[in-house]
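Please open the structure in your viewer and keep the selection tool at hand. The tour below proceeds stop by stop, stating what to select and what is found there.

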Amino acid sequence: MAYKILEGIRVVDLTTVYAGPMGTRMLADLGAEIIKIESPNRPDLFTRMTAYPDNEPPEKENWNAGGYFHFLNAGKLGISLDLSTEKGKEIFKKLVKISDIVMENFSPRVMDNLGLGYEELKKVKPDIIMVSMSGLGHYGPLRDYYMYMTGMEGMSGLTYITGHPEYPPLLSNYAYGDWMLGVTGTAAALTALYYRKKTGKGQYIDVAGREAIVVHIGDVIMDYTLNGRVKEREGNAHPEMAPHECYRCKGEDSWINIAIENEDQWKALCKLMGKEELKDDPRFSNMEARIKNRDELNKIIEEWTSQYDHIELMEILQKEGIPSGAVLTMKEVFLNPHLIQRGFFEVIDHGKDVGKRPIGKQMPAKFVGYESYVPSRAPKFAQHNEYVFCELLGISKDELKKLEEEKVIGTIPRFPPGRPTRLDLIQKQVGKGAGFVDPNYLEELRKAFGEDIGKK
Amino acid sequence: MGEEKALAGLRVLDLANNIAGSYCGKLFADFGADVIKVEPPKDGNPLRKRVPFYKDEKDKEKSGMFFYLNTNKKSITLDITKKEGADVFKKLVKDANLIIEDFEPGKMKELGLSYDDLKQINPDLVMISITWFGQDGPYKDYKATNFTAYGLGGAMYVMRPTKWPDIRPAVLGGYQAEYTAGLIGYITSMAALAMGKSAWIDLSVMEAVTSTLTGIMGDYAYLGFYRRTLPWAIHGFPTQENYPCKDGYVNLTPGIGGTQAIAELIGKPEEKDNPLLVKAGARVKEPEKFEALILPWLKEHTKWEITEKAQKLRLAFAPILSPGELFDDPQLKEREFFAKVNHPEMDEVTYAGAPAKLSETPWKEGRAPLLGEHTKEVLSQAGYSEDEINALKEKGIV
């Protein structure tokens, strides 16, 4: 049996694009009922049209086939509602009345402009918990800055300390800043839920993505506040460990991370490399010396690692108790025996045009003794209109039709024609290839997740 | 703003030695739970040996790492690896709601403190075990650090600038794999506690890292594509990258202003129809030409000058701020983001504050405890007399 910890909790989800949906996806994985609202005029465009299966947009309903949308919105219910109409607002308030949490990640002015700010919602449902997620926060002189994950990361200090000194500071390249914003919103919502269960009081939560990231480099900032020292980017060097580097392995673009925490591990590494003389070499005989001479040290180690396959080498090192990790590509992540055995990926059937695909957990923790809860596919546009409007809110089917005619709700979004991702351009980009395409990816996935993966 | 504490009345026993579990416990403490850090006698928690140190003095009460990850907690010393210590721990478990632990899988069982053992004492108990790879699976006993778990989780391979896709990947700064796991740990255990459900939660740092890769997981499952940089920077490389300016770097993400607005920004309105500004394809094809157009102007202006002008043009450009520069940021000042507290060994300490602003139950500042500062208080609450506590002290149990 699966353990749905948040069963019975209802969340009105106004979030779009990446950060907000990440947060509500997490609540969905924990078993809450998430009702995602999209406007027929402004559907969740970007993720609905990114990563079509096999890079072919389906002819019909291409808005239901985007891979990014499926990863970000699995387990949620989807309805359409135009909040700029009076009737839309009225229905929205009815929905808030029977819900526990409202989450949104519009620009700070939007909800108040719609007349749907916290003070208004509180009148309808006094104990509602409302979470607003934005780049820099809902008040303050810069609150109206246009912010994406890039700006949030850049203004947090995290980017400044990331990357090699001889190259520019480096962004996360996988929207970590967005993840931080959405997931911090979720953490705050559950904190407020605990308080509400105890006292019956709701509240308003203001999450700034940039601040959510800053708290994750709190220890680095302490060096500034305690010692006035600004941390500069140092690649993979560690202040207390050496060797501590990402080393090249055999093959075109293959790497392994090795981190030596103590002298026992260092001696074991010297022995494995067949270079026992290094442990008595004054340049490397203790941690302090190794940190000082790490460039020389790294060259010696890389000569050795470059003779091995990265995964094979990790296994050799782990046998001797040496902390090491192959730097996995996304293909290797999907085929990783540990993740597969632990059930990290869930096979979700998306029906026509997409088929079954392995979808990664957004809430990876397991409840011991219970099966993991497998969410339903991300909602097709307006898929749950009838359930939410008729069953939950008691709107009759005739009325529903009328609302459709009046364009308060809709079943077909305003949506551009599907466009494939320019994989050719990406492979050629900057002359060296910004990524790889694996033409046999479905066969690979089938080996791990079953023969029917990707059969449409 | 309210003044109540969201988690008042909740008791947490924090056995964590690493960053992830300690950060999880910190979140509980900062929102008002009664969090007791259980530390080994003598040396205390291993994080007390980690940099940065106040004035670089290597002292167990002066670690900034320990301070930051243990604000608002109480500290007791207790050797749970000895039978008598484990018995004291079990007494504390009676009144606890949550246990956070990060020992290697199987260790708690060996000490007679497995979830099953403890549930007999307290049936409502929630316990979260945060380990590098989880309680089972082929990597269960693998050794790891933040750095190696980050690479194995799949995040590291893409950590390269778009312009240099085949250089050595660089880890995200600080300890993001561990903080990520700590935050997920908080969410899961908070969910169980809010719903009044008991649970043993098994969380792996590697899986926490992989779960942050949402979109780029989709790239492989749907397209067979795996990237090694951020190739389709939505607006077309080299926009969205970080570029040098007069006093550092700025990030060039156009946003809703559209790339044409860059012409106005750099004082060359006549360039607004230049294909390099209008067409992503043209930029991607000849990034050096785009750079030649914009770099000279960037080099003459500071990151805040560029950002302020760009934001008025609805360009989402942003300054790359150093940890020190955060303290001059007008937004963080207005939002009173940084917290300040006094500490007996470090004078006044300033540190990063609330991850989120809750209107009724605001986050609270508070210092980290001295080693064993609350041993007496906590043990007498649990029913130990002064003589008993002294006897335990003599035996080295507390």
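The tour begins with a whole chain and then turns to single helices, residues and peptide bonds.

The model is predicted, so that local features need pLDDT of at least 70 and side-chain atom pairs count only at pLDDT 80 or more, while totals for chains, interfaces and linings use all residues. Residues are numbered from 1 along each chain as its sequence is written, chains are lettered from A and ligands numbered from 1 in the order in which they are written, and side-chain values use heavy atoms, with hydrogens and water left out.

**Stop 1: chain B as a whole**

Select chain B. Its C-alpha trace spans about 85 × 50 × 40 Å along the principal axes. The chain holds 17 helices and 13 strands; helices (H or I, at least four residues) and strands (E, at least two) are DSSP runs, numbered from the N terminus. Of its 398 residues, 67% are buried. Buried means under 20% relative accessible area, exposed means over 50%, and partly exposed lies in between (1.4 Å probe, protein chains only).

Two residues are in contact when heavy atoms lie within 4.5 Å. Among contacts in chain B between residues at least 6 apart in sequence, 68% join residues at least 24 apart.

**Stop 2: where two chains meet**

Select residues 441–449 of chain A, which form helix α20, and residues 214–223 of chain B, which form helix α9. At what angle do the axes of these helices cross? They cross at roughly 100° and come within 8 Å. The axes are lines fitted to C-alpha atoms, for helices over the stretch in contact, and angles run from 0 to 180 degrees between N-to-C directions. α20(A) is therefore roughly perpendicular to α9(B), a term used for angles of 65 to 115 degrees. The contact is made by Y441(A), E444(A) and L445(A) on one side and by Y220(B), A221(B), Y222(B) and L223(B) on the other.

**Stop 3: T184(A)**

Next, select T184(A), which lies in helix α8 (residues 176–199) of chain A. Is T184(A) buried or exposed? Because its relative accessibility is 4%, T184(A) counts as buried. Leaving aside neighbours within four places in sequence, T184(A) is in contact with V207(A) and A212(A), and also with L183(B), P355(B) and A356(B). For a distance within chain A, select D223(A) as well: the C-alpha atoms of T184(A) and D223(A) are 24 Å apart, and the two residues are 39 apart along the chain.

**Stop 4: helix α1 of chain A and its surroundings**

Select residues 19–29 of chain A, helix α1. Eleven of the eleven residues of this helix are buried, so it is largely enclosed by the rest of the structure. Among the buried residues are M22(A), R25(A) and D29(A). After α1(A) comes G31(A), with a positive phi near 100°.

V17(A) is located in the loop between β1 (10–13) and α1 of chain A. Although V17(A) is not a glycine, its phi is positive, about 60°. With a relative accessible area of 37%, V17(A) is partly exposed.

**Stop 5: backbone details in loops**

In chain B, select R314(B), in the loop between α14 (303–312) and β10 (318–319). R314(B) has a positive phi near 65° and is a residue other than glycine. Its relative accessible area of 41% makes R314(B) partly exposed.

Which peptide bond leading to P243(A) is cis? The bond from A242(A) to P243(A) is cis, with omega near -5°. P243(A) is found in the loop between α10 (218–227) and β7 (244–248) of chain A. Finally, select V51(B) and P52(B), joined by a cis peptide bond with omega near 0°; P52(B) lies in the loop between β2 (34–39) and α2 (64–69) of chain B.

Technical notes
Angles under 35 degrees count as roughly parallel, over 145 as roughly antiparallel, 65 to 115 as roughly perpendicular and the rest as oblique.
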